[in-house]
Amino acid sequence: MKPTNVHTARLFKSVRERMGLSIRAIAQRLRVSIATVSRIESGHFAPSVEVAQRLVALSGEENLEKLFIDAYR
């Protein structure tokens, strides 16, 4: 299956790595399974709005556009 959510995948992985968290740690904080985080980060699964909102809140960044820009640096 070809990844279809590549921008979201990059955003999630970028935020997680900048926070210095493992997949297990971010999964616990987002209240999802490790498999879900893995599928999101590989681009094979789109997160729910609630999970995306939790990630943004965890990042401490209020500007979603800035998060996406930072993900591509």
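The legends below accompany several views of a predicted model of one protein chain.

**Figure 1. Overall view of the predicted chain, which is built from 5 helices and 0 strands.** Read from one end of the sequence to the other, the protein chain follows the pattern α-α-α-α-α. Its C-alpha atoms fill a box of roughly 30 × 25 × 20 Å along the principal axes. The radius of gyration is 11 Å, which agrees with the value near 11 Å that a compact globule of 73 residues would have. Of the 73 residues, 32% are buried, and the protein chain exposes about 4700 Å², of which carbon and sulfur atoms supply 53%. When contacts between residues at least 6 apart in sequence are considered, 65% of them join residues at least 24 apart.

**Figure 2. Close-up of helix 2, residues 23-30, and the elements that its buried residues pack against.** The buried residues of this helix are Ala 25, Ile 26, Ala 27 and Leu 30. Together, the buried residues of helix 2 pack against helix 1, helix 3 and helix 4, the last of these spanning residues 49-59. An α-helix has 3.6 residues a turn, so residues three or four places apart point the same way. Just after the helix comes Arg 31, whose phi is positive, with a value near 60°.

**Figure 3. Close-up of the salt bridge between the side chains of Arg 16 and Glu 41.** The search of the whole structure finds 4 salt bridges, and in the one shown here the side chains of Arg 16 and Glu 41 meet with an N to O distance of 2.7 Å. This pair links distant parts of the chain, since Arg 16 belongs to helix 1 and Glu 41 to helix 3 (residues 34-41), and the two are 25 residues apart. Arg 16 counts as buried because its relative accessible area is 10%, which is under the 20% cut-off. Glu 41, with a relative accessible area of 14%, is likewise under that cut-off and is therefore buried.

**Figure 4. Close-up of Asp 70 in helix 5 and the salt bridges made by its side chain.** Asp 70 has a relative accessible area of 15% and therefore counts as buried. The side chains of Asp 70 and Arg 18 meet in a salt bridge with an N to O distance of 3.7 Å. This pair links distant parts of the chain, with Asp 70 in helix 5 (residues 64-71) and Arg 18 in helix 1, 52 residues apart. At 46% relative accessibility, Arg 18 counts as partly exposed. A salt bridge is also formed between the side chains of Asp 70 and Lys 66, where the N to O distance is 2.7 Å. Because Asp 70 and Lys 66 are 4 residues apart in helix 5, they are separated by about one helical turn. Lys 66, at 36% relative accessibility, counts as partly exposed. Salt bridges that share partners join Arg 18, Lys 66, Asp 70 and Arg 73 into one network.

**Figure 5. Close-up of Ser 14 in helix 1 and its contacts with Asp 70 and Ala 71.** Ser 14 is placed in helix 1, which covers residues 6-18, and at 11% relative accessibility it counts as buried. Once its neighbours within four places in sequence are left aside, Ser 14 is in contact with Asp 70 and Ala 71. Viewed from the other partner, and not counting residues up to four places away in sequence, Asp 70 touches Ser 14 and Arg 18. Asp 70 thus touches Arg 18 and also meets it through a side-chain salt bridge.

**Figure 6. Close-up of Arg 39 over the face of Phe 45.** Arg 39 lies over the face of the Phe 45 ring, at a distance of 4.8 Å from the ring centre. A pair of aromatic rings is described by the distance of the centres and the angle of the planes. With ring centres required to lie within 6.5 Å of each other, the count of aromatic pairs comes to 0.

Conventions: Residues are numbered from 1 along each chain as its sequence is written. This is a predicted model: local features need pLDDT of at least 70, side-chain atom pairs count only at pLDDT 80 or more; totals for chains, interfaces and linings use all residues. Side-chain values use heavy atoms; hydrogens and water are left out. Buried means under 20% relative accessible area, exposed over 50%, partly exposed in between (1.4 Å probe, protein chains only). Contact means heavy atoms within 4.5 Å. Rings of Phe, Tyr and Trp (its six-membered ring) pair if their centres lie within 6.5 Å; planes under 30 degrees apart count as stacked, over 60 as edge-to-face and the rest as tilted. A charge sits over a ring if NZ of Lys or CZ of Arg is within 6 Å of the ring centre and within 35 degrees of the ring normal. The radius of gyration is taken over C-alpha atoms; the globule rule is 2.2 Å times the number of residues to the power 0.38. Accessible areas come from the Shrake-Rupley method with a 1.4 Å probe; for residues, only the protein chains shown count as cover.
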